[in-house]
Amino acid sequence: MRFAIKEINENINLLPNFTLGYKIYDSCDAPLTALQATIVMLSTNQGILSAALCKGAKHVQAIVGDSGSTQSITVSRVASTFKIPMVSYFSTCACLSDKWEFPSFFRTIPNDVFQVKAIVQLIKYFSWSWIAAISEYGDYGIYGINLLTEEIKIQGICLAYHEVIPKFYNKERILEIVNMLRQSSARVVVAFSGEGELLPVFEELVYQNITGIQWIASEAWITASLFSTQKYYTSLGGTTGFAIRRAEIPGFKDYLLTVHAFLYPDNNILTEFWETMFGCVLNFSNATSTEKKMLPRCSGQESLKEKENVYTDDTQLRISFNVYKAVYAIVHSLNMLLLCERGNGPFVNGTCANISDFEPWQLHYYLQKVSFTSTLGEEVKFDNYGDSSTSYDIINWQKSKEGSVQFVTVGYFTAAGTKGQELMINENAVIWNGDQRQVPKSVCSESCHPGTQKGMHSGKHICCFNCLPCVDGEISNETDSLECIKCPNDYWSNEEKYYCIPKTTEYLSFEELMGILIILLSLFGAGLTAAVTTIFFLFQNTPVVKANNSEMSFYILFSLIPCFLSSVLFLGHPTPWSCMSRHTIFAISFSVCISCILSKTVVVITVFRTAQPRSKLMKHVGPHQQRMMIALSSSVQVIFCIMWLVINPPYFSKNTSSQVAKIILECNVGSVVAFWTVWGYIFLLATVCFILAFFARKLPNNFNEAKYITFSMLVFCTVWLTFIPAYVSSSGKYTVAVEIFSILSSCFGLLTCIFGPKCFIILLRPDKNIKYYLGSKLPTKCTPQSELMKLG
């Protein structure tokens with residue numbers, strides 16, 4: 001501040017013919033002391049500006065300071081009462097931007113709102129979702145942590161805990177804080193505090209040798225020389241944070257080197273600094289310790305040029321540069337006030353302020369309008385909230401060759417940058433705690449990889465969760481997905497559940513083992529039926545064939561062949577035509593077959609139940625009547641099938657509900673009523689046939705045809721009664737397989753039960769294939785067997 005005022009007073013372009021004066025008060029980092037200094041300052045006659053060596057100044061016109069936010073709040077409340085403008089160089093609390101409460105407050109340091117945004121962007125950049133915070137007991141810490149808490153909540157970052165450093169040293173409380181730092185899983189800690197408040201915490205960290213914590217520092221201590229020694233590096237090495245932009249002030253180092261204790265003999269602080277720096281004593285009469293009395297007297301020839309220390313280091317001028325800008329801001333506003341043209345002034349009737357006797361509120365007006373370029377090339381001005389431009393250097397603590405801490409700039413943040421590009425950092429240049437190059441992790445729970453979703457714990461932080469795998473048919477293709485996405489109907493999740501794949505299609509194909517087996521069985525059944533037909537044709541004149549109504553037997557055999565072959569229609573990729581043909585061909589062929597068996601059963605019963613061999617009843621069961629019966633009963637089924645195909649026919653469909661992971665290509669029956677009507681009619685014919693044959697099973701005959709028909713119908717009905725629950729309970733291609741095997745089983749049952757015994761006699765027991773044997777147990781007065789042969 002003194003250097004800036006000296007430089008201004010020597011500048012002929014600023015405040016010509018006027019000398020800038022000042023008075024410095026130490027608030028001792030305490031609000032009460034700051035208030036006392038303010039009252040003293042306002043009650044004296046020493047101001048900033050006067051015509052001759054500050055004589056005649058009536059009151060203070062402007063204040064530079066304070067450093068701490070709490071002190072600035074105290075001072076600003078008093079200064080605002082008198083409309084005295086106050087420019088702080090280090091008070092960052094967002095609360096000070098409230099123009100209703102602090103109307104005359106300005107600052108050359110960025111608002112904490114922007115610092116918090118920068119800190120959160122840094123946290124988000126390195127994917128830290130589980131952090132902790134400690135703060136000082138004061139407005140700076142309270143407001144800073146409140147802003148941090150709000151901002152991280154928006155970004156989905158969790159605060160594991162927040163500890164407040166006591167205002168007055170408390171050993172027990174410090175141990176509690178350090179114990180929390182050691183035990184917590186949060187390895188990234190944000191510290192909103194001044195270096196003085198942090199000192200006891202860091203001393204305890206070093207004492208307990210606690211390492212592995214990545215510290216994120218606020219601008220209040222990121223460049224603190226107090227911690228820049230080897231002693232603290234083990235625990236604090238790698239600390240990263242935001243610092244006020246560094247600047248070079250031309251001529252400032254030379255000015256620092258001109259300081260000499262002999263020029264200010266009454267300055268106790270300078271005396272102590274001088275004696276410590278050079279190991280000598282200025283005044284033995286003031287020496288209070290024996291060790292000091294043993295030191296030599298200072299000669300006055302000592303020079304700071306011989307020493308390299310924090311005081312003479314001008315490479316980290318950050319807060320100092322803010323002081324420099326604050327002084328220049330006030331001076332530029334004074335200069336604008338001085339250059340005001342009468343009649344064109346901003347006040348009532350175009351008047352200007354009297355430079356020799358102006359009011360602080362008039363200077364406040366010009367301070368709001370001030371705009372100048374600093375030595376860094378940045379424009380210095382204040383917005384409507386008294387805040388200046390926002391930019392930070394990102395500082396990383398690294399070890400120098402000498403073992404001390406270096407403050408290395410690894411990036412920057414500027415609020416004026418394009419959204420999303422405010423933060424720029426050279427990640428490769430950062431050294432983390434423990435001299436590690438790898439970015440440390442700080443998460444409550446590890447990220448959920450694609451294919452899983454977060455399972456939150458009730459009542460806990462959103463950052464603490466379990467990773468639950470997506471259920472079948474759902475996916476998550478991002479890390480930390482909150483929920484899984486359902487795949488489209490024709491798609492299914494892959495095994496890892498991170499992308500959808502087309503569902504596999506399923507149908508009973510010709511190529512698979514089951515399809516091949518069905519084809520072989522169908523062909524075998526059709527071939528076996530053809531073989532039986534051939535046998536019956538070759539032996540058509542034998543008693544066995546003739547006694548069993550050979551014409552009906554051939555009709556049954558001819559109808560069985562399409563029954564066997566209809567099962568093949570159920571194989572292969574379903575098409576609209578195959579869906580319509582498979583059910584109708586099967587239904588009609590089976591209806592014809594059962595109709596033939598029914599006709600044959602009626603003939604057998606009629607023949608054997610007729611009391612007289614030449615009864616007139618025999619005329620009604622002749623060949624013509626039998627054909628009419630077959631045609632009539634079969635035509636009913638044909639009519640049902642035609643109505644089915646016209647009204648609501650079977651159609652090809654994709655079934656995605658039976659098996660969630662597959663698309664079942666199937667034939668939908670269309671009309672369920674028509675489907676069960678067709679099946680019901682076949683079952684009705686079989687039931688009637690079974691009942692008739694059952695009552696005729698004990699007819700007196702060595703070769704009772706009704707008995708074999710009864711067995712065949714029993715097999716047929718059993719197969720299809722078993723089919724119904726199996727058909728309903730199965731799904732996919734197995735539904736089709738159940739239907740096919742039911743068809744084949746019933747066909748083989750009919751073929752075996754009706755024609756098996758006959759073929760056995762024809763081929764293996766020709767001695768029984770005689771008329772006598774077939775009718776040997778018949779009463780002598782009746783000859784129905786011969787009548788049956790005639791009908792055959």
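Which residue caps the N-terminal end of H10? Asn-267 does, and View 1 picks up from there. What you see is a predicted model, in which local features need pLDDT of at least 70, side-chain atom pairs count only at pLDDT 80 or more, and totals for chains, interfaces and linings use all residues. Residues are numbered from 1 along each chain as its sequence is written, and side-chain values use heavy atoms, leaving out hydrogens and water.

**View 1. Helix H10 (residues 268–278) and its cap.** A side-chain oxygen of Asn-267 lies 3.1 Å from the backbone nitrogen of Ile-269. That is a polar contact (a pair of N or O atoms within 3.5 Å; within protein, one able to donate a hydrogen and the other to accept it, with residues adjacent in sequence counting only if both atoms are side-chain atoms). Helices here are DSSP runs of H or I with at least four residues, strands are E runs of at least two, and both are numbered from the N terminus. Just past H10 comes Gly-279, with a positive phi near 65 degrees.

**View 2. The two sides of H10.** Leu-270, Thr-271, Trp-274, Glu-275, Met-277 and Phe-278 are buried. Seen down the helix axis, these buried residues fall within an arc of 165 degrees, so they line one face of H10. The arc is taken from the directions from the helix axis to the C-beta atoms. Turned away from that buried side are the exposed residues Asn-268, Ile-269, Glu-272 and Thr-276. Buried means under 20% relative accessible area, exposed over 50%, and partly exposed in between (1.4 Å probe, protein chains only).

**View 3. Backbone oddities in three loops.** Between strand E3 (63–64) and helix H3 (69–81) sits Asp-66, joined to Gly-65 by a cis peptide bond with omega about 0 degrees. Asp-29, in the loop between E1 and H2, isn't a glycine, yet its phi is positive, near 60 degrees. Asn-349, between H12 and H13, also has a positive phi, of about 60 degrees. Asp-29 is partly exposed at 47%, while Asn-349 is exposed at 73%.

**View 4. Phe-590 in the largest nonpolar core.** This core has 60 residues, and Phe-590 and Ile-597 have the most contacts inside it. A nonpolar core is a set of buried Ala, Val, Leu, Ile, Met, Phe, Trp, Tyr and Cys residues joined through side-chain atoms within 4.5 Å. H21 gives the most, with 14 residues. Beyond its neighbours within four places in sequence, Phe-590 is in contact (heavy atoms within 4.5 Å) with residues including Phe-716, Trp-720 and Ile-743.
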